[in-house]
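Here is a quick tour of one protein chain, written for someone who likes to check numbers against coordinates. Open the model and follow along.

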Amino acid sequence: MAYHSGYGAHGSKHRARAAPDPPPLFDDTSGGYSSQPGGYPAPGADVAFSVNHLLGDPVANVAMAYGSSIASHGKDMVHKELHRFVSVNKLKYFFAVDTAYVAKKLGLLVFPYTHQNWEVQYSRDVPLPPRQDLNAPDLYIPTMAFITYVLLAGMALGIQKRFSPEVLGLCASTALVWVVMEVLALLLGLYLATVRSDLSTFHLLAYSGYKYVGMILSVLTGLLFGSDGYYVALAWTSSALMYFLVRSLRTAALGPDSMGGPVPRQRLQLYLTLGAAAFQPLIIYWLTFHLVR
């Protein structure tokens with residue numbers, strides 16, 4: 001028992017003895033850093049040293065201030081140019097519609113001959129939104145009509161066993177490209193004719209997009225009554241759209257600022273309006289004739 005007790009005491013002393021620390025692999029040469037016990041630099045010491053060094057350098061401070069100024073100036077320029085070409089407030093104006101306006105506007109696009117007053121209404125030199133003025137252009141009907149046309153084209157191609165995603169995408173892209181080309185041509189014509197009006201790109205896009213309503217009616221009539229019904233609907237919708245565009249552009253857009261101008265300028269404005277209206281049946285036929293057989 002005594003031997004056993006002595007052996008345990010001796011073993012406890014042997015286990016309590018701490019092993020010496022291993023020598024470091026590398027010598028600590030960072031004299032400028034505050035070190036922790038063990039020879040290692042404190043966490044974040046190198047970052048703090050770099051930041052303090054930069055903040056203490058006058059050249060770095062000037063460079064940082066100049067860079068911030070350039071970034072702020074560039075941001076302001078981007079916002080200004082974006083607001084110039086795509087104004088959110090102006091875009092909201094063209095989508096300020098309600099159900100009553102949409103129903104009346106569709107009826108006006110199909111039966112414009114009985115409409116008497118074509119002047120755009122103003123309140124304190126600001127045009128009334130479409131929901132308060134039937135003559136105001138909007139982008140809601142052209143957008144919905146474009147989507148409906150694409151879906152109707154897919155249905156028509158499916159009925160004829162000619163549907164494919166590629167053909168449907170081609171129909172949508174072609175219709176969109178034609179409208180963009182028409183708007184660019186109108187902008188160029190207004191610039192060359194030196195027409196002073198409140199027409200903007202959104203106005204021209206709205207007037208050009210109304211053709212999708214006639215395209216939908218022509219295709220639907222062609223699917224229901226064949227090619228004869230298609231040509232009858234095409235003639236009616238084209239003539240209605242031409243009348244609508246001539247009266248709208250002459251009265252709402254070009255009329256107030258162009259009546260007192262020189263006679264040659266008035267003729268150019270009239271030719272531009274008639275040319276834009278006469279071009280509509282060609283586009284409607286080109287985008288719809290292949291959907292009806």
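## Overall picture

A residue is called buried when its relative accessible area is under 20%. By that cut-off, 33% of the 293 residues of the protein chain count as buried. Keep in mind that this is a predicted model. The protein chain exposes about 19,100 Å², and carbon and sulfur atoms supply 67% of that area.

As for secondary structure, the protein chain has 11 helices and two strands. Walk along the sequence and you get α-α-α-α-α-β-β-α-α-α-α-α-α. Looking at contacts in the protein chain between residues at least 6 apart in sequence, 73% join residues at least 24 apart.

## What the record says

The UniProt entry, an unreviewed one, lists "transmembrane region" for residues 139-161, 167-192, 204-224, 230-249 and 270-288. Two of these spans can be set beside the model. Residues 167-192 are 100% helix and 0% strand, with the end C-alpha atoms 37 Å apart. Residues 204-224 come out at 95% helix and 0% strand, and here the end C-alpha atoms are 32 Å apart.

## Two helices against the ruler

Helix α5 covers residues 99-110, and its 12 residues should span 16 Å at 1.5 Å a residue; the end C-alpha atoms are 17 Å apart, which agrees. The buried residues in α5 are Tyr101, Val102, Lys105, Leu108, Leu109 and Val110, so a lysine sits on that list too.

Helix α6 gets the same kind of check: with 20 residues at 1.5 Å each, the expected span is 28 Å, and the end C-alpha atoms are 29 Å apart, which agrees. Its buried residues include Ile141, Pro142, Ala145, Phe146, Tyr149 and Val150. Further along α6, Leu152, Ala153, Gly154, Ala156 and Leu157 are buried as well.

## A nonpolar patch on the surface

Which residues make the nonpolar surface patch of about 460 Å²? The members are Phe95, Tyr140, Met144, Ile147 and Leu151. Met144 belongs to helix α6, which runs over residues 140-159. With a relative accessible area of 36%, Met144 is partly exposed, and patch members need over 30%.

## Pro137 and its company

Pro137 lies in the loop between β2 and α6. Is Pro137 buried or exposed? Its relative accessible area is 3%, so Pro137 is buried. Leaving aside neighbours within four places in sequence, Pro137 is in contact with Tyr93, Phe94, Tyr101, Pro130, His203, Ala206, Tyr207 and Tyr210. The C-alpha atoms of Pro137 and Phe95 are 9.4 Å apart in space, while the two residues are 42 apart in sequence.

Among the contacts of Pro137 are His203, Ala206 and Tyr207, and these three are also among the buried residues of α8. The others buried in α8 are Phe202, Leu204, Ser208 and Gly209. Since seven of the nine residues of this helix (residues 201-209) are buried, α8 is largely enclosed by the rest of the structure.

## One salt bridge

How many salt bridges does the count come to? It comes to one. The side chains of Lys211 and Glu182 meet in it, at 2.6 Å from N to O. Lys211 is in helix α9 (residues 211-258) and Glu182 is in helix α7, so the pair ties together parts that are 29 residues apart in sequence. Both Lys211 and Glu182 are buried. As background, side chains of opposite charge can pair when their charged atoms come close.

## Positive phi outside glycine

Arg124 has a positive phi of about 60° although it is not a glycine. You'll find Arg124 in the loop between β1 (122-123) and β2 (126-127). At 82% relative accessibility, Arg124 counts as exposed.

Lys161 is another such case: its phi is near 60°, a positive value in a residue other than glycine. This residue comes just after α6, in the loop between α6 and α7 (165-192). Lys161 counts as exposed too, because its relative accessibility is 76%.

Methods
Residues numbered from 1 in each chain as written. Predicted model: local features only at pLDDT ≥ 70, side-chain atom pairs only at ≥ 80, totals over all residues. Heavy atoms only, no water. Patch = residues over 30% accessible without salt bridge, like charges linked within 9 Å, V, L, I, M, F, W, Y side chains within 5 Å. Areas by Shrake-Rupley, 256 points an atom, 1.4 Å probe, with all protein chains shown as cover. Salt bridge = Lys/Arg side-chain N within 4 Å of Asp/Glu carboxyl O. Helix = DSSP H or I, 4+ residues; strand = E, 2+ residues; numbered from the N terminus. Buried < 20%, exposed > 50% of the residue type's maximum accessible area, 1.4 Å probe, protein only. UniProt positions renumbered as here; feature names shortened; annotations may be inferred. Expected span 1.5 Å × (residues − 1). Contact = heavy atoms within 4.5 Å.
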